[in-house]
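Colleague: I am new to reading protein models, and I would love a close look at one part of this one. Could you take me through the sheet and its surroundings at an easy pace?

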Amino acid sequence: MNTSQKALVAVDALPYYEQVAKKRQKLSKGRGKKGVAKMPQVFQGKSRDVAAKVFGVSGRYVGYAKKINEKDPNLAQEIRDGKKSIAKAVNQINKAERISKIKRHGKKYKTKNNVQIVCADFYQWCKENLKENSIDLILTEPPNTKKDLPLWEKLAEESARVLKPSGFLVSYCGHRFIDKGVHILSKHLNYHWLYCIGLNGNGNSFCQNNIIEKWLPILIYYKPPFRQDRKSKEFLNDNGKDTYSHNNKQSENGFSYFLKMFSSPSDNVLDPMMETGEVLRVAKRLNRKFIGICKDSDCIENAKGRLM
C-alpha cells in the first residue's frame, strides 16, 4: 500500500476518531477550538492528525485525501486502485476548479469595442467578415498533425488575404511539423525567420526519434513588402508559467514578446485558433485590438473569463 492509499484509508477511519473525540469532550465538559475535535489523552491533537499518525502519513496528506474523496469519489477510487497519486489528483481538482471559475466569469463578460471573440469556423468567418489588408498581425498556434494539413492551408491562404502589406504571421509549430509548415506557408507568404523558445525543465521526449525537445519552433512569415525596424533576438527563454493552456502549454511571455515585436498599440491582431485565450489576454494588456476565433464554445467562455 502506497502513501496515497494509506491517506485514503485514514480518511475512512476519520469518523471513528471524530466520534471518540466528541465523547471525550462531552465527558470532560471541555471546549476545544471551534471545529477541532479533541482526542483521549493518549491521542491529543486534531482527529485528522491522529488518524494520519496511526496510518503513517502526514496530517496534511490526509486533508488532501479528504478533499479528493468529497469532491470527486471516482478520482478517489483511482487512488485506492493505485492508478493515481494524491499529488496528481489535487492538481487535477485545482485545475478543474480554476477553469470552472474562469468559465463562470466568462458568462458575465460583456464584449468591448477593442475585443471581438467569435465562436465559428475561422476560415468561413474571416471570408465573410474581414476585409482584405485589414490585420496587422496574426499570432496563433495551430494543431500539428497530418490530419490538420488542410487547416494550415486555409490559415496560409487567409493570412495572405487579410494581412496588411508588411504584416506578419507568427505561428507556433511542432518540430516534426516544421517541413510541412514551411512548405504550406511559403506558397502564400514570404519567409522571415525561425524563432526559438527554450523550454524549461526536462523538455519533451520523442521516443520515436530518441530526441529530447528543449526548444519550441516559431515560424515567422510576412506579406510583402518587408518592413521591420525593430531588432529582435531569435532565441527566447521561456520563464513564464501558463496554467490554463491546452496540450502544448506556451508561456504568455512568448506571446508578449511577439506582440511587442511585430505589432504596435491599437494594431489589429488576429488569433484564428484561439483555444483558451492566452494571446487574447496579453493583447488586451498591451492595448491591441483583438479578434479571437474558436469553434469550441467552452474555449470561448474560458477565454472571456480570463479577461475578467
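To get my bearings, how many helices and strands are there in the protein chain? And then, what is the order of the strands in the open sheet, and what surrounds strand E10?

Modeller: Happy to! Please keep in mind that this is a predicted model. The protein chain has eleven helices and ten strands. Of its 308 residues, 44% are buried. If you take the contacts between residues at least 6 apart in sequence, 71% of them join residues at least 24 apart.

Now to the sheet. It is an open sheet of eight strands, and reading across it you meet them in the order E1-E10-E9-E2-E3-E7-E4-E8, with mixed pairing. The edges are held by E1 and by strand E8, residues 235-237; each has a single partner strand, so one side of each is left without a neighbour in the sheet. On average, and ignoring direction, neighbouring strands are turned by 20° against each other. A little background helps here: strands of a sheet pair through backbone hydrogen bonds, and the pairing can be parallel or antiparallel.

Let us start at the E1 end. Strand E1 covers residues 115-119 and runs parallel to E10, with five bridges joining the two. You can find this pairing by looking for Val115, which stands opposite Phe290 in E10. Strand E9, residues 268-271, also pairs with E10 in the parallel sense, this time over four bridges. Here Leu270 is the residue to look for, as it stands opposite Ile291 in E10.

What does that do for E10 itself? This strand spans residues 289-294, and five of its six residues are buried, so E10 is largely enclosed by the rest of the structure. As general background, the side chains of a regular strand alternate between the two faces of the sheet.

Next, follow the chain from E9 to E10. Helix H10, residues 278-285, lies between them in a right-handed β-α-β unit made by E9, H10 and E10. Several residues of H10 are buried: Glu278, Val279, Leu280, Val282 and Ala283. Their cover includes strands E1, E2 (135-140), E9 and E10, together with helices H9 (252-262) and H11 (297-305). Just after H10 comes Asn287, which takes a positive phi of about 65°. Helix H11 has a place of its own in the picture too: it lies across E1 and E10, and runs at about 160° to E1.

Let us walk over to the other end of the sheet. Strand E4, residues 190-198, pairs with E8 in the parallel sense over three bridges. One pair to look for is Ile197 with its bridge partner Leu236 in E8. Helix H8, residues 178-185, packs on the sheet and touches strand E3 (163-172) and strand E7 (215-222); the direction of H8 makes about 5° with that of E7.

Strand E3 gives us a nice single residue to stop at, Ser171. Is Ser171 buried or exposed? Its relative accessibility is 0%, so Ser171 counts as buried. Leaving out residues up to four places away in sequence, Ser171 touches Thr140, Pro142, Trp152, Leu155, Pro217, Ile218 and Leu219.

For contrast, try Pro150, which sits in helix H7, residues 149-162. With 48% relative accessibility, Pro150 counts as partly exposed. Pro150 and Ile184 are 34 residues apart along the chain, yet their C-alpha atoms are separated by 9.5 Å.

To finish, here is a spot with two helices. The axes of helix H2 (residues 47-55) and helix H3 (residues 59-71) come within 8 Å and cross at roughly 105°. H2 and H3 are therefore roughly perpendicular to each other. On the H2 side, Arg48, Asp49 and Ala52 make the contact, and on the H3 side, Gly59, Arg60, Val62 and Gly63 do. Sorted by class, this contact has two nonpolar, two polar and three charged residues. Gly63 of H3 has 25% relative accessibility, so it counts as partly exposed. Along the chain Gly63 is 56 residues from Ala7, and the C-alpha atoms of these two are separated by 8.5 Å.

Technical notes:
Residues are numbered from 1 along each chain as its sequence is written. This is a predicted model: local features need pLDDT of at least 70, side-chain atom pairs count only at pLDDT 80 or more; totals for chains, interfaces and linings use all residues. Side-chain values use heavy atoms; hydrogens and water are left out. Axes are lines fitted to C-alpha atoms, for helices over the stretch in contact, and angles run from 0 to 180 degrees between N-to-C directions. Angles under 35 degrees count as roughly parallel, over 145 as roughly antiparallel, 65 to 115 as roughly perpendicular and the rest as oblique. Contact means heavy atoms within 4.5 Å. Ala, Val, Leu, Ile, Met, Phe, Trp, Tyr, Cys and Pro count as nonpolar, Asp, Glu, Lys and Arg as charged, and the others, Gly among them, as polar. Buried means under 20% relative accessible area, exposed over 50%, partly exposed in between (1.4 Å probe, protein chains only). Two strands pair if DSSP finds at least two bridges between them. A crossover is right-handed if, with the strands pointing away from the viewer, the path from the first strand over the helix to the second runs clockwise.
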